[in-house]
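Notebook open, coffee poured. I want to go through the chains one by one and jot down what I look up.

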Amino acid sequence: MDRSATSPSALTGAVKGNGDAVFATIVRCAAVLILLGLGGMVAVMAWGARAAFARFGLGFVLDKAWNPVTQHFGAAAPMFGTLVTSLLAIALAVPLAFGIAVWLTEIASPRISGVIGTLIQLLAAVPSIIFGMWGFAVLVPFMAHYVEPFANHTLGHVPGIGQLFHGAPYGTGFLTGGMILAVMITPFISAVMRDVFLSMPAVLKESAYGLGMTRWEVVRRIILPWSRTSVVGGIMLGLGRALGETMAITFVIGNANHIGWSLFSPGNTIASLIALEFPESAVGSLKFSSLMAVGFLLMLISLATLVCSRLLLRTRAAG
Amino acid sequence: MAGQESVAATTVLMDTDCCSSGRWQGNTLSDMRRRMVDRIATGLCWAATALVLLMLFSILFVLIRNGIGGLRWVTFVHVTLPPGQAGGLANAIVGSLIQTGLAVLIGAPVGLLVGIYLAEFTSTDGRLINLVRFVSDLLLSAPSILVGLFIYMVVVVPTGHFSGLAGALALSILVVPVVVRTTEDMLRLVPLSMREAAIALGAPRWRVILFVCLRAARDGVATGILLALARVSGETAPLLFTSLGNMNWSVSPAAPMASLPVTIYQYAGAAYADWTALAWTGALLITAGILMINITVRLGLGRNRK
């Protein structure tokens with residue numbers, strides 16, 4: 001049928017329309033498949049989690065326990081770890097990414113900027129498990145030998161924030177996890193920022209320079225206000241990545257279901273908890289269902305973040 | 001580009017002016033403060049860039065230092081063995097190739113079709129298109145471990161066993177959004193006049209799309225598929241609960257299958273020196289492969305742009 005549509009003699013409306021209709025149907029099916037994919041993921045998580053939610057109710061979300069012996073599970077500790085590491089990562093990555101984006105667009109010459117920009121984007125291509133191994137081999141000993149003892153002695157005695165820096169210097173923990181995530185998401189955020197900065201009409205910057213503004217004043221007063229929405233969108237995109245990251249975190253988080261103020265104490269994240277405990281939980285057990293439930297919560301958190309990010313970035317593209 | 005240069009020119013002009021006559025930027029306290037803040041901010045931008053580059057080189061250095069020793073013939077021809085028995089990574093390498101290959105074979109056509117849908121059907125399905133594009137973008141950054149859980153529930157549990165095919169399916173979910181994005185972008189770059197010319201010759205729409213537009217965009221689309229391949233070949237989390245890993249030689253997609261990332265994950269945490277050394281070698285191999293694909297793609301893109 002399709003073949004006949006290609007020969008000029010058969011170019012009647014009916015046959016031509018038929019080929020197009022078939023093609024349109026195939027293409028629409030593929031598109032619906034994507035919707036089913038995401039919808040299916042959410043639905044399957046919810047379905048797998050039903051036993052845990054039936055047993056513990058909504059209190060599951062705020063329950064600190066995770067005890068396979070007493071069959072008592074709660075999501076608070078891994079959720080706390082996920083949020084703390086991701087927010088630490090954002091706090092560290094945003095200034096870095098911003099500095100890089102400004103350097104690439106305003107400071108470096110275009111030729112050098114192209115090379116360095118590519119190198120930084122290569123960092124984004126490095127698989128997360130490599131970050132985990134690097135963190136374990138380089139960052140953890142560095143933290144344990146230098147940063148944490150030092151912070152213990154100095155910042156640890158400052159009233160108010162001292163608690164943040166208490167604890168044994170294992171090297172693993174929330175701060176190390178946050179640092180690894182920060183290195184991972186910096187290239188993503190800086191790529192978004194660089195693209196927005198470059199898309200800005202040059203005349204705006206030129207007039208500001210013409211009025212005698214310094215470079216930093218142009219960045220601070222002209223570029224940043226102009227691109228604020230997309231910059232926040234890029235940051236949310238980075239946050240979304242950080243929330244769902246598994247392999248990089250598993251190596252350095254310390255894997256203890258623990259909530260505490262110390263940045264040096266070992267903790268756990270949802271993704272890391274699933275990676276570690278899922279292989280040792282039987283289908284149908286309460287633990288299995290609880291893991292699906294924390295997975296479902298992670299899905300909700302990261303989807304909400306990504307939706308915000310996309311809405312912010314889309315506003316910019318449209319206007 | 002021209003705009004950037006003229007900005008730079010303005011800056012230079014201002015600098016010389018301020019040095020020679022000092023008329024524009026005076027020497028009052030507030031002016032000195034402004035220049036100081038500017039210098040500090042510039043210095044911090046340099047520092048941020050240098051720090052992140054340092055991280056990249058530190059990662060590459062550690063990988064090469066720890067992994068280069070394992071780049072021996074035996075690593076490529078022997079399968080993984082118990083500690084102390086001079087094993088290799090052959091089954092993991094082949095498993096990775098099979099699974100990523102299958103993932104691209106499954107994911108790329110779907111991604112292509114969806115990309116075509118998003119780029120070419122805007123006039124008829126505007127609203128659905130926006131939704132599909134939105135969801136595809138969400139999938140691009142969705143937690144990959146949850147993709148693994150999803151496939152575990154819908155493939156591994158019903159079939160009753162882990163399999164390489166399940167791993168490939170999980171990876172293919174990650175391939176689709178990457179291919180969708182690049183296909184759509186590249187199709188939008190195809191000039192309207194080309195479509196009009198093809199339609200004027202009497203070609204049906206599906207032929208115009210497949211043999212004119214897609215053909216014109218094929219370099220970009222191939223780039224997207226390569227990038228997707230690079231992205232999934234380092235993914236570990238989706239494979240943990242789907243293809244599981246396999247200590248023995250196995251190329252059957254119906255059986256549990258080894259893969260480099262999972263083997264690295266299992267070996268890196270082990271207490272045996274030869275296992276950790278193999279983990280580093282695997283990590284070096286996979287990173288080198290991925291970076292090579294990325295560099296090739298970027299160089300290719302740069303050439304086309306010129």
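**Chain B, domains**

I started with chain B, which is divided into domain 1 (2-70) and domain 2 (73-305); such bounds come from an automatic or database domain assignment. I looked up the C-alpha centres of domain 1 of chain B and domain 2 of chain B, and they lie 38 Å apart. For contacts (C-beta atoms, placed from the backbone, within 7 Å), I find 7 residues of domain 1 of chain B touching 8 residues of domain 2 of chain B. On the domain 1 side of chain B, these divide into 3 nonpolar, 4 polar and no charged. My classes: Ala, Val, Leu, Ile, Met, Phe, Trp, Tyr, Cys and Pro are nonpolar, Asp, Glu, Lys and Arg are charged, and the others, Gly among them, are polar.

**Ground rules**

Note to self: this is a predicted model, where local features need pLDDT of at least 70, side-chain atom pairs need 80 or more, and totals for chains, interfaces and linings use all residues. Residues are numbered from 1 along each chain as its sequence is written, with chains lettered from A and ligands numbered from 1 in the order in which they are written.

**Helix H10 of chain B**

Does the length of H10(B) (residues 218-233) agree or disagree with its residue count? At 1.5 Å a residue (times one less than the number of residues), its 16 residues should span 22 Å, and the end C-alpha atoms are 22 Å apart, so it agrees. I take helices as DSSP runs of H or I, at least four residues, and strands as E runs of at least two, numbered from the N terminus. Buried residues (20 or more other C-beta atoms within 10 Å of their own; exposed is 12 or fewer, partly exposed in between) of H10(B) include B:Val221, B:Leu227 and B:Arg231.

**Chain A, confidence**

Chain A averages a pLDDT (the predictor's confidence in each residue, 0 to 100) of 88, and 93% of its residues score at least 70. Among its elements, H1 of chain A (residues 2-6) has the lowest mean, 43, and H3 of chain A (residues 76-107) the highest, 95. I'm wary of residues 1-15 of chain A, where pLDDT stays under 50. Where pLDDT is low, the predicted coordinates should not be read in detail.

**Chain A, domains and partner**

The assignment for chain A gives domain 1 (2-50) and domain 2 (61-318), with 38 Å between their C-alpha centres. Lastly, I checked the two chains together: 78 residues of chain A are in contact with 79 residues of chain B. Helix H2 of chain A (residues 13-56) gives the largest share of the chain A side, 19 residues.
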